[in-house]
Amino acid sequence: MTTRGRLSVVNLTALALGLAFLYLPIAILVINSFNDSRLVTVWSGWSLRWYRALLSDDAMLAAASVSFRVAFLSATAATVLGTLAALALTRVARFRGRLLFSGMIYAPLVMPEVITGLSLLLLFVALAVDRGFWTIVIAHTTLTLCFVAVVVQARLVTFDRSLEEAALDLGCPPLRTFLTVTLPLVWPAVASGWMLAFALSLDDLVLASFVTGPGATTLPIRIYSEVRLGVKPEINAVCTIMIVVVATVLVAASLMTKRRQARDAAALGAQL
Amino acid sequence: MEQERHWLTRLAILAPYAWLVAFFLAPFLIVAKISLSQTAIAQPPYLPVFDPAAGWEGLKEFLAAFSLDSYAAVFGDSLYLWSYLKSLAVATLSTLILLVLGYPVAYALARAPRRLQGALVLLVVLPFWTSFLIRVYAWINILQHDGLLNQALLALRILDAPVSWLATDSAVYIGIVYSYFPFMVLPLYAALEKMDEALLEAASDLGCPPWRAFLSVTVPLSLPGILAGSLLCFIPIMGEFVIPDLLGSSSTAMIGQTLWLEFFGNRDWPVASALAIVLLVLLLTPLLIYRQREASVLEGRG
Amino acid sequence: MAALVTFEQITKRFGAFTAVDALTLEIREREFFALLGPSGCGKTTLLRLLAGFEKPDGGRVLLAGQDLAGVPPYRRPVNMMFQSYALFPHLTVAGNVAFGLRQDGLPKDEIAARVDEMLALVQLSGFGARKVDQLSGGQRQRVALARSLAKRPKVLLLDEPLAALDRKLREETRFELKALQTRLHTTFVIVTHDQDEAMTVADRIALMHQGRLAQVGTPVEVYERPNSRWVAGFVGDVNLIEARVTAVYPSFVTLERGTMRLRAAGTAVAPGPAALALRPEKIRIGHAVPEREPENGAAGSVTDIGYFGTLSIYKVRIDDGLVLKAAVMNEQRDAARAIHVNDRVWLSWAPEAGVVLAD
């Protein structure tokens, strides 16, 4: 039993081991991407040759372009829809089909992607829709909007409703209240939602594989097909780049949220 | 705050609702429909295909052509049954391992000094964001025949010769535990962090030694977190495809792999659909429990 | 003064719970009106019905004769000061005060002038550029007040405005609020559970209990002439002497309780069981016990003394077992006339001192 403030040796060990377990494989991968040798087991000095090889790998670059564009579009659509869904769930007490609605919001979070991927593909086939870039965008939007909804909802639930009531009381109609009072104060959560959706889309393999079509190969699909043939040093380089990009986005999101929320909490909390 | 349904409110409900019904719910109905269809060498590879132009007669013909052949195939073939059982076994065992390994980490996180907690949680979550595929791939690096694990074990003289780690069940378990770690740790952390330390002090004051206080106070209070984390891991692991495909052997495939194979390999859409429906039914109970929990937690305060 | 706000048979339910039950009430122009009652009595709900945040399940709300049904809060000439102040953290003090004015689309310089006027009114001139988190609790409260008055509403609603302040500040602010209201001639409706607050600031008080009106009147009326046991007990301290009304005369009634004979000045009650409500400060206490017990008096022994500085409250158990409280101002510093615990004393009061309550 420890009092908050110091970690016991046991806790410290658990934490250290846990973090080591999580980061070791990644660290190995990152370091290896700079390994001049082709073999993982032989270290032959620092080198950027695999990164250079990447630049001339047109297929990989094309896949990266597709991935980023899909991620951007689906993240934006998912953020709009997910925020609306979060508003509906927290602000409207009763509406017809609320049970089904909240079920549809939470289910995709855990549903195995093979099921959602299969079902979407069958939908597109039944509608005779050409599969490709846009079907991936639709699939990713559907999956990630649920994550955005959960993130934004968590913030809305702790949002002080009396601020909205005060705005209404002072003559501000609901839409304007949302835009000038609610949104400025919850936008870190909305932005976090966007970034979450972006990262999830960038990372998705299974869903994309099901609904992709000619000319719409995403980066994970490309990496996956290469990886099945064995470890390749260029893959290490791609992965390192992706790690750096996503980590930067995440840290930025986290700092932004924390700083803004701390300031707002101080302002609000001391009001009471 | 009660208002007449403002148009913004209507939009807030309708837009995501319509999207989800179209792209989440409707597809399931189609999967169900196809699971009742027959395979055909055609484009698309199933019969019957509904032709709106055929009118009422067409509809009756359509319904008459439904068959339960696919389901018969699924339940009749031991291959599929073993696949489900394998998935169930892997999911259950992985969830238990995750619980055992994740609990100490979550506990340590919850006990850490407050100002460090945010940064520590971020550290735990960060790997999760650095691409699922990459992390699994990282393990291939380590586990392959000339990979680092063998190198390390040889150097420490625990092994005499390199062991094949890949294409085994152990590799799959390692991969799963690695990938789903944050899914178990975060809900546990959330539940443990809420616990009032004064409760442990009260237990101590009443004569309870630390280990017993842990079992009779901490663990029961963290039960919601245990449940949430377990559901968050168990359900998706059941349908896992990438990890067993990359790290495991093809001797007994999990249901995700079997489904993929039936769909892309054998082009047997009706059977693949039937497999998906059966998996969905199996997951229905945990899914409902999960939805119930999340809904009451997040909406209750709204 | 004409009626400005009328609640007609207003009902509001939350699920199975009835918060406001067919309530009818009139609030007049230019008055400082208080809704007083214990938590859960429906006073805040009534306020919110007027502001427009709740829709009634029955009855009407009228403002200057106009039915407010279907009028959303952002279109009512009513403004509210929230209990938590609800100041916008992302706006400055001036931004907060100007918020309502911007919604009306007033020209910029007019808005600026009004903001300055409001800040001067609450003695916060020069604070316009400050951010909300840089203010103290008392300053935030004044910004909230300035913001809610900026649009010159017909009615200002105050939801427990002084609850978050410490005692000294609360008392000062009470007087400031009263002075402000008198100066502005705006109707103020305040919700509070603090009776001292209601009694000090209000022109009229409505006592609410379980969604219904218990009594409406001036502070004097409510305190000196409560209409029920509940009201008598809720506002201030009271002794309730259960007795029987024996005879009703034109200007007084007589009551009997065992061997005690009581007389109370004219109230319209029928013979039968009733309670005599007697405020502690109306009871005289002394050592001299008369031989023959006159009416409106009782002998007993002191069980407890509460010393409050300004006054002392004596708990006396009279001979039939009832405990009465007598409050006496401590006018003299020394203990010459001091009464002690276990002393045998005589309590007496005037016929006009008590009110006979049937329910």
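**Group meeting: a strand in chain C, and the contact between chains A and B**

I will begin with strand E14 of chain C, where 5 of the 7 residues are buried, so the strand is largely enclosed by the rest of the structure. Please keep in mind throughout that this is a predicted model.

E14(C), which covers residues 272-278, belongs to an open sheet of 5 strands in chain C, arranged in the order E13-E12-E11-E14-E20 with antiparallel pairing. At the edges of that sheet stand strand E13 (260-265) and strand E20 (354-357) of chain C, and because each has a single partner strand, one side of each is left without a neighbour in the sheet. If direction is ignored, neighbouring strands here are turned by 40° against each other on average.

Let me go through the two pairings of E14(C) in turn. With strand E11 of chain C, residues 239-248, the antiparallel pairing runs over 7 bridges, and within it Leu240(C) has Ala277(C) of E14(C) as its bridge partner. With E20(C), the pairing is again in the antiparallel sense, over 4 bridges; here Ala275(C) has Leu357(C) as its bridge partner, while Leu276(C) stands opposite Val356(C).

I now turn to chain A, and to how far we may trust it. Its mean pLDDT is 83, with 90% of its residues reaching 70 or more. Among the elements of this chain, the highest mean pLDDT, 92, belongs to helix H7 (residues 161-169), and the lowest, 73, to H11(A). As a general caution, where pLDDT is low, the predicted coordinates should not be read in detail.

The domain assignment divides chain A into domain 1, residues 7-47, and domain 2, residues 51-269, and the C-alpha centres of these two domains lie 29 Å apart. Where they touch, domain 1 of chain A contributes 7 residues and domain 2 of chain A contributes 7 residues; on the domain 1 side, these are 4 nonpolar, 2 polar and 1 charged by class.

What does the contact between chains A and B look like in terms of residues on each side? In this model, 76 residues of chain A are in contact with 86 residues of chain B. Several helices of chain A each supply at least two residues to the side that touches chain B, among them H3 (58-91), H6 (133-157), H8 (174-203) and H11 (233-269), but it is H1(A) that gives the most, with 12 residues. When the residues on this side of chain A are sorted by class, they divide into 58 nonpolar, 13 polar and 5 charged.

To close, I would like to look at a single residue, Tyr224(A), which is placed in helix H10 of chain A, itself one of the helices supplying at least two residues to the side that touches chain B. Is Tyr224(A) buried or exposed? Tyr224(A) is buried, because 21 other C-beta atoms lie within 10 Å, where the cut-off for calling a residue buried is 20 or more. Once its neighbours within four places in sequence are left aside, Tyr224(A) is in contact with Leu205(A) and with Leu133(B). Further along the chain, Glu234(A) is 10 residues apart from Tyr224(A), and the C-alpha atoms of the two are separated by 13 Å.

Notes:
Residues numbered from 1 in each chain as written. Chains lettered and ligands numbered in written order. Predicted model: local features only at pLDDT ≥ 70, side-chain atom pairs only at ≥ 80, totals over all residues. Pairing = 2+ DSSP bridges. Axes fitted to C-alpha atoms, helices over the stretch in contact; angles between N-to-C directions. Contact = placed C-beta atoms within 7 Å. Nonpolar A, V, L, I, M, F, W, Y, C, P; charged D, E, K, R; others polar. Domains from an automatic or database assignment. pLDDT = per-residue confidence, 0-100. Buried ≥ 20, exposed ≤ 12 C-beta atoms within 10 Å, placed from the backbone.
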